[in-house]
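Let's take a walk through a protein structure together. Keep the picture open beside you and look for each part as it comes up.

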Amino acid sequence: HIDHGKTTLTDRFLEIAGLLSGEHPEQFLDSMELERERGITIKAKVVSFEYKGYLFNLVDTPGHVDFSYEVSRVLTSCEGSILLVDATQGVEAQTVANCELAMKEDLEIIPVINKIDLPNAQIEKTKNEIMEILPVNEDEIYLVSAKTGYGVRELLDDLIEKIPPPSGEKDLPLRALIFDSVYDSYKGAIVYIKVFEGEIKRGMKIKFYSSGDVYEVNECGVQRIQMIKTDELVAGEIGYVVAGIKDISDVKIGDTIVEANDVESKPLPGFKEVKPFVFSSFFPVEETTIENLKNAIEKLHLNDASFEARPINSPTLGFGYRCGFLGTLHMEIIRERLEREFSLKIITTSPNVVYKVKLRNGDTISVDNPSNFPDPAKIEEIYEPITKITVVSPVEYISGIMELLKEKRGKFLKMHYINPTRVIIEFMLPLSEMIQGLYSQIKAISKGFASFDYEHAGYEKAELVKLDILINGKEVEGLSIIVPKEKAYRKGRELVERLSKIIPRQLFEVAIQAAIGKRVIARATVKALRKDVLAKCYGGDVTRKRKLLEKQKEGKKRMKRIGKVDVPQEAFWEVWK
């Protein structure tokens, strides 16, 4: 789970192995600026080190619910895992979810309780919670403090005994699984692999199983703190391969690498491909060109297989990209990376989910953008994606959390106690309600003590309508949203009021309207700025002043008719909030 000390524990392992010495930043592997700022791991990091004559391949995974796909793909390459639990927080929703993922992969799971040095650590309580979710005895649970280093060396010694060595023969034909990749402007795509069988050497020709593309290996090696070149990678090793792969879309996470002339080997079972569930549109602003945005999106997509993008053209916002994400934090991270790492200025529309719409002519279509929503007269039924939410919370916050989930159209499933003070609640909830700040709302209600995890649970019939926002009579595509029918009027009123405070005043009056189809359901007006046209009049006849004011009024009418309104980025985020 997020903030339980995974990256700090990795630091201690690397210090014991002699890879880190002297002064170094805490959470050493969190090298991305955003990771340091937010204090979270976004990308899984691979590092190899030697200890007592053994080679360890360690992967530090993210903990946030939006990045659980990183965990799932890493587990396919591992023999064992450390399940780390914070002694002050206990077992949380994500702990349960990731534990089940590791059990499905049939990995050796080693439970470890961290932060035992803190005065509010509840060690016995946390042990009991771990024994509820894992078939282990109390003496099999390790107690460590990643911050002080207490118990870490003993844990590392026992990993040698407890985690089995990788299987696979060096003499068999090559089969390697791609579990991650990064882009380097000099070397092209750098592919991270786990060699399951055979060996991979510099100069040999390899083939990507899914596409059949053949490449020659220019460089291979292992990842210590830096990349270390080696002559070969053999069965059981995790390392990287550089093969002059220029087109970044050629690398597919979960693909199998085989020898170029191999036609008999079967692909390795890759992890389940994750489909994006949350969609938003990115449009360039001013000096950012569509070509810059295209190149940046392509490079980010190589690092992140779950993020997808396709080009679109909006009548109001021009050319851009419709992007798919696993959640709203994932979306924010991608947006921030585009702005920081590639110095882009972009407008982001409010996030949407994918609806299935059954038309009166019998066809069923998928809609991930409100602007593509069909005419209500053609719609027979609408289905929205739903999720199964698991909330782990202290008992005293249950009523507030349940009230919030019911307000968001949630359906109660079941509730059971882990112990007298902690409870697990399960709800079915529309995905569209979940992406509207549910994470922060649950944290606020529970003063930070509750956590939640979710899994997708298919589609359910719903009464929904498309709510359009019109500015001076013109529909702004990026501000349209899909809302439940019973909430449409309230939502429309709220939105126009909020937007009227955000959209700056112009030299003409700006009308903001919310409409369902052709029917306007709410309106607010941004008053015009009034230029002081009388400033140049020093006394004189009053008719002269009146004439100037009448002339100004005529000008304002004309401006109102042809004037264009600048809509700031805040307006698009306000729709989401």
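What follows is a short tour of two sheets, one helix residue and one patch on the surface.

Before we set off, keep in mind that this is a predicted model. A little background also helps with the sheets: strands pair through backbone hydrogen bonds, and they can do so in a parallel or an antiparallel way.

Let's begin with the sheet of 8 strands. Reading across this open sheet, you meet the strands in the order S10-S9-S15-S6-S7-S14-S11-S12, and their pairing is antiparallel. At the edges you will find strand S10 (214-216) and strand S12 (227-230), each of which pairs on one side only. As you step from one strand to the next, the twist averages 40°.

Now zoom in on one pair within this sheet. Strand S6 covers residues 175-184 and strand S7 covers residues 188-197; the two are antiparallel and share 9 bridges. To see one of these partnerships, find Ala176 and look across to S7, where its bridge partner is Val195.

Next comes another open sheet, built from 3 strands in the order S3-S4-S5, and here the pairing is parallel. Which strands stand at its edges? They are strand S3 (80-86) and strand S5 (142-143); each has a single partner strand, so one side of each has no neighbour in the sheet. Strand S4 (residues 108-114) runs parallel to S5, and 2 bridges join them. For an example, look at Val112, whose bridge partner in S5 is Tyr142. This sheet also has a helix for company: helix H5 (residues 123-133) lies across S3, S4 and S5, and runs at about 160° to S4.

Let's move on to a single residue. Leu495 is part of helix H12, which spans residues 488-502. Is Leu495 buried or exposed? Its relative accessible area is 4%, and because buried means under 20%, Leu495 counts as buried. Along the sequence, Leu495 and Arg523 are 28 residues apart, yet in space their C-alpha atoms are 9.4 Å apart.

Our last stop is on the surface. Which residues form a nonpolar patch there? Phe412, Met415 and Tyr417 do, and together they have about 290 Å² of accessible area. One of them, Met415, sits in strand S24 (residues 411-419). With a relative accessible area of 35%, Met415 is partly exposed, because that label covers values between the 20% limit for buried and the 50% limit for exposed.

Conventions: Residues numbered from 1 in each chain as written. Predicted model: local features only at pLDDT ≥ 70, side-chain atom pairs only at ≥ 80, totals over all residues. Heavy atoms only, no water. Pairing = 2+ DSSP bridges. Helix = DSSP H or I, 4+ residues; strand = E, 2+ residues; numbered from the N terminus. Axes fitted to C-alpha atoms, helices over the stretch in contact; angles between N-to-C directions. Contact = heavy atoms within 4.5 Å. Buried < 20%, exposed > 50% of the residue type's maximum accessible area, 1.4 Å probe, protein only. Patch = residues over 30% accessible without salt bridge, like charges linked within 9 Å, V, L, I, M, F, W, Y side chains within 5 Å. Areas by Shrake-Rupley, 256 points an atom, 1.4 Å probe, with all protein chains shown as cover. Salt bridge = Lys/Arg side-chain N within 4 Å of Asp/Glu carboxyl O.
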